[in-house]
Every structure is written in structure tokens, then in C-alpha cells.
Amino acid sequence: MTISARPIDSAHADESVGMSYLERLPRRVVTIYLPLAVFVFVLLFPFYWMAVTALKPNSELTNFRDYSPFWPSQPTLQHMRYLLLETSYPAWLLNTMIVAVGSTILSLVAAVFAAYAIERIRFPGARWTGLAIFLAYLVPPSILFIPLAVMIFKFGIYDTKLALIFTYPTFLIPFCTWLLMGYFRSIPYELEECALVDGASRWQILTRILLPLSVPGLISAGIFAFTLSWNEFIYALTFIQSSENKTVPVGVLTELVRGDVYEWGALMAGALLGSLPVVLLYSFFVDYYVSSMTGAVKE
Amino acid sequence: MAGAAITRTDAPIAAAREPLLQRKGFLGLLFMLPAAAFLLVFLTYPLGLGVWLGFTDTRVGRAGVFIGLENYQLLWDDSIFWLSVFNTVVYTVGASVLKFALGLWLALLLNEHLPFKALIRAVVLLPWVVPTVLSAIAFWWIYDAQFSIISWALIKLGLIDSPINFLGNTTNARITVMLTNVWRGIPFVAITLLAGLQTISPSLHEAATLDGASSWQRFRYITLPMLSPLIAVVMTFSVLFTFTDFQLIYVLTRGGPLNATHLMATLSFQRAIPGGQLGEGAAIAVAMVPFLLGAILFSYFGLQRRRWQQGGGD
């Protein structure tokens, strides 16, 4: 959505400059730049603090008198080294990656079929199915985790990655389906009609025409689903017991805090490294993120 | 007009393809199968199971028996449960109002003509992208009772004498978790509303300016009405996710001090998983449903009304 809005934006750039002659520069500084700077500072400071703490040696961490708290005097990688060599952190990273990729692929495949059925086959009751999908998206994990825990125990997949790969699609499939429905709707139906007339089967239409055209939509849904599963917490906390099967958010919180001893350096390093994959993904696909986020709330 | 034309041409085709309609239903079913099977097994069934568990005394490792409304009776007399309901409502209302006000403000700022606009917009969304648990851990350190950087900065500025005990007393803890939730929620509200703002034609503002409207009047009578359908949806999502919030509280306070920050979701988790009382936990989760339905219906009918006001069809 925002991607398409951008060219329009630059086209209108003259006009917004034309309007802004009404505001003098000092006024703009006070009403726009200053509040914006405060917003950006507050929104970003925790990440800066996370990074700085992760690089400080232990002696500097709590000694604000001899060292400036805002940057490390002697940056060190000791916390990173501790994290990667002496804890199960690498295993958690791997687990999170496996779970996130697995549940994303599962959800995308199911969502593509479902969105195609609802949006293009238009079977009887398709509208209601679409509404049901939207309602399913509104069901929060905090309501589902107890019955799901009971089920997972019965299925015998408690404390395995499968438990997470199977439960994450409960929020991923509705989201991806909803997003892809919107995307499919934007592709002209005439293209498919032509193919139908030429004798293509539904399967051929889907794989040869619709999917190649909806690659941006698929990327949006995919990276967003990946991020959602990377960030998921309550299911991973409930369904995983053993240290080697934990995901990054759960592992950092439950294993790096031992009793009263908070190893702040290692905690911050864990938080930093754990955020890095999604932040990198995000930085490459900012526009896709924004479009999927705005697409999710768009009707 | 266009709609009528389409249906007119569509009707004969549909009539000619009458037997195909059967196939359409079958095909639809086939394509829906993976998603439907998944959601029925892992979403619809657990929802029902959750309601059932609320009527039983199931514990971890022991199947329960039906005990009727006993769990709910227990909760009715449980002051901690009512405290958690109170906390949840205060937390949701407070955080949502702040998120909306600040998010809208940020969206308006980002809608201005700015240098490095794309970069600022990308950076602003970061709190929402980073795993909540991991940023909450950073906040945990920022709110440390002794070594909080905020306290240090305020002391250096001479504004306070002793460190603020952010998570130590009930009032402070409530305000702190609420503000942290606001920090995390602002980007979502701001970026989605920004997308809505960009669809408002600048010529409306120009026309109003020529007519002598002040910037507040332009905001009140152009921006806000144009944006209100989107605001309804965004705020429903925001209320929904704030009401069922779990991660932030679990990391920062685990419901303490003195249960002052226990939300219904965290109480449900505490009773069900570490406490082992699955039945009671499920009952608390079920008790959240009426509130959620209320939020959804509120926004749904809010939307309908707006559309009707703008003269659009249903």
C-alpha cells in the first residue's frame, strides 16, 4: 500500500512545500522537529542502552561514577563469547529459526490455497469463510494456550519443536490468508478468465498466473509470519520444558537469570543477538513490512 | 453502475455453467482443506476445550471431572481475580488512550515534509519489530531499582534526590508497565494511521486554508473524519492485544508487587501452568472472552455507522 503511495507522494511534494510557506522555520522547529526528535529518541534509546550494556565489561556496568554510562570505555566481547560458548544460546537460535521457518512455510502454503478458494473460486459460503478467517485472527494466544497445552500433551509432542510448529499457524494462517485475500483481489480477474478460456485448470491458473503475480504479497506475508513466530512467547514458554529445545525469547528469560544474580551484560547481549535476525530482515524489506501491517488492518 | 453491469453480464454465464457450480463447491472445499483442517484442530477445538476445561477441576497430569460453575464461583469470591480484572481494564484503557494520542501525533509529524522521511519511518517501527520479550528485558535493566539510567540522569539533572523504584511499589509498577506497553504500541498505531493520512488529498487542506480554517480546524474537520474508519480498526486491534497482553508483564513484574500488575492473562498462566490448576486457569481465560467480544462489536458497529454516515453502501 505504502509502496504504491510513494510515487504519488513525490508527485504531491511541490504542493506540500507550497503549503508549508505558511509556517516559518522557527515555528517548524518547535512544532515538528523537536517533538519528532523526542519521539525518535524515546523509541530508540532502549536499543542503544541494550547495545551499550552488552559491550561494557562487568566492572563498568554499575559504576556510573568512574565511567560515563552512555558509552563503554573499554568495549568487550566477553558477554557475547560467554553467551555463544558457555550457554545453549546457539541451540536456541537454531530452534527459533527452525520453528519460525517451519511454521511460516506451513502457514503460507495453507493460506495460499485458502485465499485462492475464498477470493477466486468463490464457492458457496466463501464470504462467511472469509469472515470466519478474520475472526480467527482476533483469537488471542492467551486464551488458547491452556487447552492447547492439554492437547499437545495428549498428542505426545510436548517439549518438542513440533509442538510450536503446529501451534504457531493458529495465528499465522488467519493473518496470511487475510493478507493474501487482499492481494489476490488486486490482481485483475480477466487474466484468469483468459486462462480458463484457453483451457487451463485451476491448479495451472494458481501456479502459473496468480502466484508469480503475487510474489510481493507472498514476501510480505512470509516475512511478517516469520517475525511473528520469531517473537512468539507464551506458547514457547508453556509447551517447552528442556533447555535445549527452548526458543531465544524463552531461553534468554528463563536460563540467563539464575536466582538473584542478573548477568546484565549477557542478558543484553542475548537480547541484542536475538533481535538481530528480525531487524536485518526488517531493514531489507521495510516497505513489505509496512504494507503487510497496513494491509492487515485495511478492510 | 459498474456493479450492475458486471452482474448483468455475469448472470447468463453463471446460468450456462450450472453444473460447474457443483464443481466449484467441491473445488473450494478441496482448496480450503489444509487451512480449515488446521484451524479446526488447533483453533476451534481448543476454544471449545477451553470452555469445557473451565467447567472441570483438571490439573496438570490428571484428567478432571465436571464440576459445573465451581471454578467461576471460586473466582467470584477471589479478590485477586477481581484485582486482575481491575488492573486489566485500567491497563487497557490507559495504554490505549495514550497509544492513540501519541501514535496519532507521531503519524501527523511523519506526514509532514521531512528530510530522511523514509529512514525515520523505518526506524520508528523498530520497537514493534523487535521481540517484545527481548526489548522488555532491556527495559528491565533500564528500570533497575539501583542502577536505572533514568534515575541516574534525573539525579544528575537535579530533579530527584534518590533513585526511582520503578517496579517496586504498586503505583509506580502500574504506571511503568503501562508506559512500556505504550512504547511498544505507538509505532503500530502511528505507521498504520500514517498510511491513512497519506490517502487524504492535500487539496482538501488547501481549500480549507483558503477558506480561513486554522490548523486545529483542519485537523478536527478534515483529518479526523477522513481517518475515523481506520482509527476504529487500528484501535480495536490495539485494545485486543493490550487486553490480552502477557509477555511484557511476565518479563517486568510477573504480576507483582502485591499482584498490582497482574493481568487476567498472567493470572491465568500463573494458576494454570506453575500452579497446575488447568481448570481454574481456563476459567479465567474464558472470563476474558466477553470483554474481547465487546471490543470487537464496538469497532464493528463503529465502522458500520461511519460508512453509513459517509453515504456508502453497506
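These legends walk you through several close-up views of a predicted model with chains A and B.

**Figure 1. The two chains, one at a time.** Let's start with chain A, which has 17 helices and two strands. Of its 299 residues, 45% are buried. Now take contacts in chain A between residues with a separation of 6 or more: 79% of them link residues 24 or more positions apart. Chain B has 14 helices and zero strands, so its pattern along the sequence is just α-α-α-α-α-α-α-α-α-α-α-α-α-α, by the rule that sorts residues into helices and strands. Buried residues come to 40% of the 314 in chain B. For chain B, 70% of the contacts between residues at least 6 apart in sequence join residues at least 24 apart.

**Figure 2. Where chain A meets chain B.** How many residues of each chain take part here? On the chain A side there are 80, and they are in contact with 73 residues of chain B. Look for helix 3 of chain A, residues 25-55: with twelve residues, this helix gives the most to the side of chain A that touches chain B. And what kinds of residues make up that side of chain A? They split into 60 nonpolar, 17 polar and three charged.

**Figure 3. Two helices crossing in chain A.** Here you see helix 6 (residues 89-121) packed against helix 13 (residues 215-231), both in chain A. Their axes are 9 Å apart and the angle is about 140°. Why do we call the pair oblique? Angles over 145 degrees would count as roughly antiparallel, and about 140° does not get there, so helix 6 and helix 13 of chain A are oblique to each other. The crossing of helix 6 of chain A past helix 13 of chain A is right-handed. Zoom in and you'll find residues of helix 6 of chain A, including Thr96(A), Ser103(A) and Ala111(A), meeting residues of helix 13 of chain A, including Leu218(A), Ala221(A) and Trp230(A). Sorted by type, the residues of this contact are nine nonpolar, six polar and no charged.

**Figure 4. Ala111(A) and the largest nonpolar core.** This core has 164 residues. Which residues have the most contacts inside it? Those are Ala111(A) and Ile137(B). Helix 6 of chain A supplies the largest share of the core, 15 residues. If you skip residues up to four places away in sequence, Ala111(A) touches Ile173(A), Cys176(A), Thr177(A), Leu180(A) and Ala221(A), plus Ala35(B). In soluble globular proteins, nonpolar side chains tend to be buried together.

**Figure 5. A covered helix in chain B.** Helix 13 of chain B spans residues 264-272, and nine of its nine residues are buried. Among them are Met264(B), Leu267(B) and Phe269(B), and you can also spot Gln270(B) and Arg271(B) on the buried list.

**Figure 6. Ser88(A), a loop residue.** You'll find Ser88(A) in the loop between helix 5 (78-86) and helix 6 of chain A. Is Ser88(A) buried or partly exposed? A residue needs 20 or more other C-beta atoms within 10 Å to be buried, and Ser88(A) has 17, so Ser88(A) is partly exposed. Its contacts, leaving aside neighbours within four places in sequence, are Ser243(A), Glu244(A), Gly251(A) and Glu255(A). Tyr137(A) is 49 residues from Ser88(A) in sequence, and the two are 33 Å apart in space, C-alpha to C-alpha.

Conventions
Residues numbered from 1 in each chain as written. Chains lettered and ligands numbered in written order. Contact = placed C-beta atoms within 7 Å. Helix = DSSP H or I, 4+ residues; strand = E, 2+ residues; numbered from the N terminus. Nonpolar A, V, L, I, M, F, W, Y, C, P; charged D, E, K, R; others polar. Axes fitted to C-alpha atoms, helices over the stretch in contact; angles between N-to-C directions. Parallel < 35°, antiparallel > 145°, perpendicular 65-115°, else oblique. Left-handed = near helix turned anticlockwise from the far one by under 90°. Buried ≥ 20, exposed ≤ 12 C-beta atoms within 10 Å, placed from the backbone. Core = buried A, V, L, I, M, F, W, Y, C linked by C-beta atoms within 7 Å.
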